[in-house]
Amino acid sequence: MTRGSWPRAAIRFIRSLAATAAVGALYLLAVKLTGVLVGDEGIALLWPVSGLFLGALLFAEDGFWRVLAYGAFAGSLAANLDAGSSVSTSFAFAVLSTAEGLLGALLVLRLANGRSDLQRI
């Protein structure tokens with residue numbers, strides 16, 4: 001690694017970390033708002049946060065998917081822990097929620113033959 005390339009890599013890492021934290025905070029906020037709208041009945045039949053995550057993935061560049069996925073995972077983990085779930089249960093739900101959005105976005109893009117067809121909709 002050359003001397004001049006290290007600061008750029010560090011800045012890129014810090015920006016990715018900040019973006020991940022922002023996405024995680026927005027995810028947690030969306031979960032809280034969903035709880036207000038749906039109520040605290042235990043299991044939500046409506047989960048708009050997954051739709052927001054899917055939409056963000058569909059409109060984001062491919063290189064930003066990792067940041068969105070890490071942020072959604074962190075937000076989901078924090079929301080489940082805040083709801084009183086155990087660490088293992090919270091981790092499992094965070095993995096599944098993140099995978100749901102990623103697989104959904106991949107499926108939509110595959111069925112739409114890529115972003116160019118999706119943008120014509």
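Helix 2 covers residues 48-59, and its 12 residues reach 17 Å from the first C-alpha to the last, close to the 16 Å expected at 1.5 Å a residue. This comes from a predicted model, so it's worth keeping in mind that every value here is computed from that prediction. Part of helix 2 is tucked away from the surface: its buried residues are Val49, Ser50, Phe53, Leu57 and Leu58.

Two of those names turn up again in the core. The largest nonpolar core has 15 residues, and the ones touching the most other members are Tyr27, Phe53, Leu57, Trp65 and Leu68. Helix 1, helix 2, helix 3 (65-82) and helix 4 (87-111) are the elements that give two or more residues to this core.

Leu57 also has a neighbour from further down the chain. Its C-alpha atom is separated by 6.4 Å from that of Ala105, even though the two residues are 48 apart along the chain. Ala105 sits in helix 4. As for cover, Ala105 has 0% relative accessibility, so it counts as buried, the cut-off being under 20%.

Helix 3 holds a polar residue worth a look, Asn80. With a relative accessible area of 19%, Asn80 falls under the 20% cut-off and therefore counts as buried. What does the side chain of Asn80 reach? It goes to the backbone oxygen of Ser76, at 2.9 Å.

Charged side chains pair up too, with a count of one salt bridge. That pair is Lys32 and Asp82, whose closest N and O atoms are 2.0 Å apart. The salt bridge links distant parts of the chain, since Lys32 belongs to helix 1 and Asp82 to helix 3, 50 residues apart. Is Lys32 buried or exposed? Neither label quite fits: its relative accessibility is 42%, which lies between the 20% and 50% cut-offs, so Lys32 counts as partly exposed.

Finally, there's a bit of nonpolar character on the outside. Phe13, Ile14 and Leu17 form a nonpolar patch on the surface, and together they have about 340 Å² of accessible area. Leu17 is part of helix 1, which runs over residues 5-38. Helix 1 thus shows up in several places: Leu17 in the surface patch, Lys32 in the salt bridge, and two or more residues in the largest nonpolar core.

Methods: Residues are numbered from 1 along each chain as its sequence is written. This is a predicted model: local features need pLDDT of at least 70, side-chain atom pairs count only at pLDDT 80 or more; totals for chains, interfaces and linings use all residues. Side-chain values use heavy atoms; hydrogens and water are left out. Patches are made of residues with over 30% relative accessible area and no salt bridge: like charges are joined within 9 Å, nonpolar side chains (Val, Leu, Ile, Met, Phe, Trp, Tyr) within 5 Å. Accessible areas come from the Shrake-Rupley method with a 1.4 Å probe; for residues, only the protein chains shown count as cover. A salt bridge is a side-chain nitrogen of Lys or Arg within 4 Å of a carboxyl oxygen of Asp or Glu. Helices (H or I, at least four residues) and strands (E, at least two) are DSSP runs, numbered from the N terminus. The expected span of a helix is 1.5 Å times one less than its number of residues. Buried means under 20% relative accessible area, exposed over 50%, partly exposed in between (1.4 Å probe, protein chains only). A nonpolar core is a set of buried Ala, Val, Leu, Ile, Met, Phe, Trp, Tyr and Cys residues joined through side-chain atoms within 4.5 Å. A polar contact is a pair of N or O atoms within 3.5 Å; within protein, one must be able to donate a hydrogen and the other to accept it, and residues adjacent in sequence count only if both atoms are side-chain atoms.
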